[in-house]
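Work through the exercises below with the sequence and the model side by side. Try each task before reading its solution.

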Amino acid sequence: MAELFVNQAKQYAETRPSYPQELFQFIASKTPARDLVWDVGTGSGQAARSLAGIYKHVTGTDTSLKQLEFAPKLPNVSYHHTPSVMSMGGLEQTVSTQSSVDLVTIAQAMHWFDLHAFYQQVKWILKKPDGVIAAWCYTVPEVSDSVDSVLNPFYSIDSDPYWEPQLKLIDDKYMSIDFPFEPVEGADHTGPFKFVAEKLMDLDEYFTYLRSWSAYQTAKTKGVELLRDDMIESFERAWNEDGPDQKVVKFPVYLRIGKVGNA
């Protein structure tokens with residue numbers, strides 16, 4: 001998985017959305033203590049930055065060294081490059097000891113994981129019974145009816161042969177992802193709960209975002225240019241319909257959240 005994001009790490013860091021503060025406030029309201037977070041698949045630190053403003057310390061781990069190079073340097077955040085399979089000993093050495101973490105977060109990454117092995121680590125490291133796991137994904141962005149009518153077939157038809165099978169879990173808004181945890185205080189289910197992330201983009205930035213897709217990079221390695229001239233023209237016509245300015249691009253975010261219990 002890490003290899004998919006090597007070539008476009010800079011694009012990813014620049015064009016992926018910052019998650020809404022409401023998301024982090026909701027998660028924080030469900031964690032009794034705010035001492036330590038393990039941000040798994042931290043990438044270029046989009047979630048770690050916001051978590052650092054709420055929790056005393058954030059440990060971010062990722063298998064992509066290239067992505068970590070673009071993560072924000074903050075005094076209460078430590079980043080670690082980890083192997084794709086980390087032993088319990090490695091977990092203890094890199095993150096923390098058993099039953100010591102208040103919150104485990106996974107932003108736009110859990111669909112890549114070996115969930116059985118990962119959940120064993122989550123249940124080992126979270127404080128019992130109220131330690132919280134929060135995993136979220138975002139689906140294709142929304143700009144306007146015109147732009148979206150070009151994007152949707154570009155995503156689901158043109159790019160479809162180059163998407164990894166795991167991405168179907170995102171299409172499903174994480175509804176079908178295995179999530180063996182208890183509802184948090186005040187909830188009667190583990191989600192998905194919906195939020196919206198927004199990012200102001202011009203058309204060039206929007207294209208840079210599309211080029212940061214793993215499907216775009218996979219197609220490119222096979223000699224296929226998904227953003228052909230005619231496709232670019234279609235996007236340009238749709239984007240410029242109401243003026244060529246920057247536009248608010250909305251990313252629907254879907255959160256699964258639960259507490260570890262006494263498992």
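**Exercise 1: Salt bridges**

D242 and K247 form a salt bridge in which the closest N and O atoms are 2.9 Å apart. The model is predicted: local features need pLDDT of at least 70, side-chain atom pairs count only at pLDDT 80 or more, and totals for chains, interfaces and linings use all residues. Residues are numbered from 1 along each chain as its sequence is written, and side-chain values use heavy atoms, with hydrogens and water left out.

Task: Decide whether D242 is buried or exposed, do likewise for K247, and then look at other salt bridges.

Solution.
- Step 1. Apply the criterion: a side-chain nitrogen of Lys or Arg within 4 Å of a carboxyl oxygen of Asp or Glu.
- Step 2. Apply the accessibility classes: buried is under 20% relative accessible area, exposed is over 50%, and partly exposed is in between (1.4 Å probe, protein chains only).
- Step 3. D242 has a relative accessible area of 60%, so D242 is exposed. K247 has 10% relative accessibility and therefore counts as buried.
- Step 4. K66 pairs with E69 at 3.8 Å between the closest N and O atoms. K66 is partly exposed at 35%, and E69 is partly exposed at 49%.
- Step 5. K168 meets D160 at 3.3 Å, N to O; D160 is partly exposed at 33%.
- Step 6. A network of salt bridges links D35, K56, D102 and K127. The search of the whole structure finds 9 salt bridges.

**Exercise 2: The negative patch**

Task: Which helix supplies the largest share of the negative patch?

Solution.
- Step 1. Patch members have over 30% relative accessible area and no salt bridge; like charges are joined within 9 Å. Asp and Glu count as negative.
- Step 2. The members are D204, E205, E225, D229, E233 and E236, gathered on the surface.
- Step 3. Assign them to helices, which are DSSP runs (H or I, at least four residues), while strands are E runs of at least two, both numbered from the N terminus. α9 (203-211) and α11 (229-239) each supply at least two residues of the patch.
- Step 4. The largest share, 3 residues, comes from α11. E236 is in α11 and is partly exposed, with a relative accessible area of 34%.

**Exercise 3: Helix α6 and the loop after it**

Task: Where does P129 lie, and which residues does N262 touch?

Solution.
- Step 1. In α6 (residues 115-125), the buried residues are L115, F118, Y119, Q121, V122, W124 and I125. Their cover includes β1 (36-40), α5 (88-94), β4 (103-107) and β5 (132-138).
- Step 2. P129 lies in the loop between α6 and β5. A cis peptide bond joins K128 and P129, with omega about 5°.
- Step 3. N262, in the segment after β7 (247-259), contacts K128, P129 and E182 (heavy atoms within 4.5 Å), not counting residues up to four places away in sequence.
- Step 4. N262 counts as exposed at 67% relative accessibility.

**Exercise 4: The loop between α8 and β6**

Task: Which of K173 and Y174 is buried, and which is partly exposed?

Solution.
- Step 1. K173 lies in the loop between α8 and β6, as does Y174.
- Step 2. Phi of K173 is near 60°, positive in a residue other than glycine; for Y174, phi is near 65°.
- Step 3. K173 is partly exposed at 32% relative accessibility, whereas Y174 is buried at 0%.
- Step 4. P192 is in the loop between α8 (168-171) and β6 (193-201), and a cis peptide bond joins G191 and P192, with omega about 15°.

Key:
Patches are made of residues with over 30% relative accessible area and no salt bridge: like charges are joined within 9 Å, nonpolar side chains (Val, Leu, Ile, Met, Phe, Trp, Tyr) within 5 Å. Accessible areas come from the Shrake-Rupley method with a 1.4 Å probe; for residues, only the protein chains shown count as cover. The place of a charge is taken as NZ of Lys, CZ of Arg, CG of Asp or CD of Glu.
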